[in-house]
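Biologist: I should be grateful for a close look at the aromatic residues of this protein. Please treat both those on the surface and those in the interior.

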Amino acid sequence: MKVTKYYSKIKVFLKRVINRLRRLKYDNQTSRWLWFVFSITIKKIFAGGLSKKEQEDIYLDYMLWHLCSYQKVDCLSGNTAVERFEKIKKKKISLFFQFSNTVFVVENEVNFNSAKLNETVQYFDSWEVSDCYVMDHYGEWCFITTHEQDYGLGPYFIENNR
């Protein structure tokens, strides 16, 4: 996959956002804004090569993981995706959900794995967290779990192959 021209700008922007949020009192409005930033980031980094029409054709605005299920990016799926997620270094990650404004920024949790992710999702026990995105702080990779995994759609692992 080609790196979009927006990558370096997004990287700098995300760094500023995270640093600013550390100084702010974390509230629901901040969380909504951060979710918006991360959803845009996924689109720019991983779907930047798609035209607006191609994005509309796969309903990307409704389900970000359609990028993978419609095979618009090179990605790993199923057990292969989980294995890659388990092996990759996780210094600073963001965890967010398709149907919720909740975003978690996780730092220094090198042992974060699919079991901990499942515990987090089960803790909330809500349809709002059924589509979950775990993204490297700088958009190097994204691990995605979906509400359709029982039907073979997910999990997915995308790497930004610059």
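**Aromatic residues, outside and inside**

Modeller: On the surface, Tyr59, Tyr62 and Tyr70 form a nonpolar patch whose accessible area together is about 370 Å². The model is a predicted one. Within the patch, Tyr62 belongs to the loop that runs between helix 3 (52–57) and helix 4 (66–69). Tyr62 has a relative accessible area of 59% and is therefore exposed, since the cut-off for that term is over 50%.

Turning to ring contacts, the structure holds six aromatic pairs. In one of them, the ring centres of Phe96 and Tyr133 are 5.2 Å apart and the planes meet at 20°, so this pair counts as stacked. The pair links distant parts of the chain, with Phe96 in strand 2 (residues 92–97) and Tyr133 in strand 4 (residues 132–136), 37 residues apart. Phe96 is buried, at a relative accessible area of 0%, and Tyr133 is likewise buried, at 0%.

Another stacked pair is made by Trp141 and Phe157: the ring centres lie 5.7 Å apart, and the planes are at 15°, which is under the 30 degrees required for stacking. Because Trp141 lies in strand 5 (residues 141–145) and Phe157 in strand 6 (residues 156–159), the pair ties together parts that are 16 residues apart in sequence. Both Trp141 and Phe157 are buried.

These two residues also belong to one aromatic cluster, which is formed by Phe85, Phe112, Trp141, Phe143 and Phe157. At Phe85, a charge joins the picture: the charged end of Lys90 sits over the ring of Phe85, 4.7 Å from its centre.

Terms used
Residues numbered from 1 in each chain as written. Predicted model: local features only at pLDDT ≥ 70, side-chain atom pairs only at ≥ 80, totals over all residues. Heavy atoms only, no water. Patch = residues over 30% accessible without salt bridge, like charges linked within 9 Å, V, L, I, M, F, W, Y side chains within 5 Å. Areas by Shrake-Rupley, 256 points an atom, 1.4 Å probe, with all protein chains shown as cover. Salt bridge = Lys/Arg side-chain N within 4 Å of Asp/Glu carboxyl O. Helix = DSSP H or I, 4+ residues; strand = E, 2+ residues; numbered from the N terminus. Buried < 20%, exposed > 50% of the residue type's maximum accessible area, 1.4 Å probe, protein only. Phe/Tyr/Trp six-rings, centres within 6.5 Å; stacked < 30°, edge-to-face > 60°. Lys NZ or Arg CZ within 6 Å of the ring centre and 35° of its normal.
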